Amino acid sequence: MMKKWSELSLAELNKTRSKLKGALIAFIILGVLISLVLFFLKAKLVLFIPVMVLPITWLPIYISIKSVNDEIRLRNTTNINQ
């Protein structure tokens with residue numbers, strides 16, 4: 001079971017953030033490559049619909065990155081105030 005962000009150490013949060021960023025970048029590159037292949041193969045317009053829907057599937061990863069960044073920011077401001 002996945003721990004809550006508040007239960008992870010700062011090092012674990014940074015590691016999780018870089019993994020999520022890497023996954024998001026990889027999926028974006030994959031989407032662009034698929035689009036280019038379809039474009040150069042002069043595929044039918046119908047085949048581009050799944051590629052256009054791909055960014056919606058990246059939304060959970062982006063939301064996770066945002067929440068990890070918020071937790072890291074919260075901890076950094078807490079450490080500064082102490």
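Me: Let's start with phenylalanine 48: in which helix is its place?
Reply: This is a predicted model, where local features need pLDDT of at least 70, side-chain atom pairs count only at pLDDT 80 or more, and totals for chains, interfaces and linings use all residues. Residues are numbered from 1 along each chain as its sequence is written, and side-chain values use heavy atoms, leaving out hydrogens and water. Helices are DSSP runs of H or I with at least four residues, strands are runs of E with at least two, and both are numbered from the N terminus. Phenylalanine 48 belongs to the run of residues 48-57, helix H2.

Me: Is phenylalanine 48 buried or exposed?
Reply: Buried means under 20% relative accessible area, exposed over 50%, and partly exposed in between (1.4 Å probe, protein chains only). The relative accessibility of phenylalanine 48 is 17%, so this residue counts as buried.

Me: Which residues does phenylalanine 48 touch, not counting residues up to four places away in sequence?
Reply: A contact has heavy atoms within 4.5 Å. With that cut-off, the residues touched by phenylalanine 48 are Ser35, Leu38, Phe39 and Ala43.

Me: How far apart in space are phenylalanine 48 and valine 37?
Reply: In sequence, these two are 11 residues apart. From C-alpha to C-alpha, the distance between phenylalanine 48 and valine 37 is 11 Å.

Me: And isoleucine 29, where is that and what is its relative accessible area?
Reply: Look in helix H1, which covers residues 10-40. Isoleucine 29 is partly exposed there, because its relative accessible area is 47%.

Me: Which helix gives the largest share of the largest nonpolar core?
Reply: A nonpolar core joins buried Ala, Val, Leu, Ile, Met, Phe, Trp, Tyr and Cys residues through side-chain atoms within 4.5 Å. The largest one has nine residues: Leu8, Leu13, Leu20, Leu24, Trp58, Ile61, Ile65, Val68 and Ile72. H1 and helix H3 (59-81) each supply at least two of this core's residues. Four residues, the largest share, come from H3.

Me: Beyond its neighbours within four places in sequence, which residues is isoleucine 72 in contact with?
Reply: Isoleucine 72 is itself one of the nine core residues. Its contacts beyond those neighbours are Leu10, Leu13, Asn14 and Arg17.

Me: Now the whole protein chain: what is its radius of gyration?
Reply: The chain has three helices and zero strands, in the order α-α-α. The globule rule (2.2 Å times the number of residues to the power 0.38, with the radius taken over C-alpha atoms) gives 12 Å for 82 residues. The chain is more spread out than a compact globule, because its radius of gyration is well over that, at 18 Å.

Me: What does the C-alpha trace span along its principal axes?
Reply: Buried residues make up 20% of the 82 residues in this chain. Along the principal axes, its C-alpha trace spans about 60 × 20 × 20 Å.
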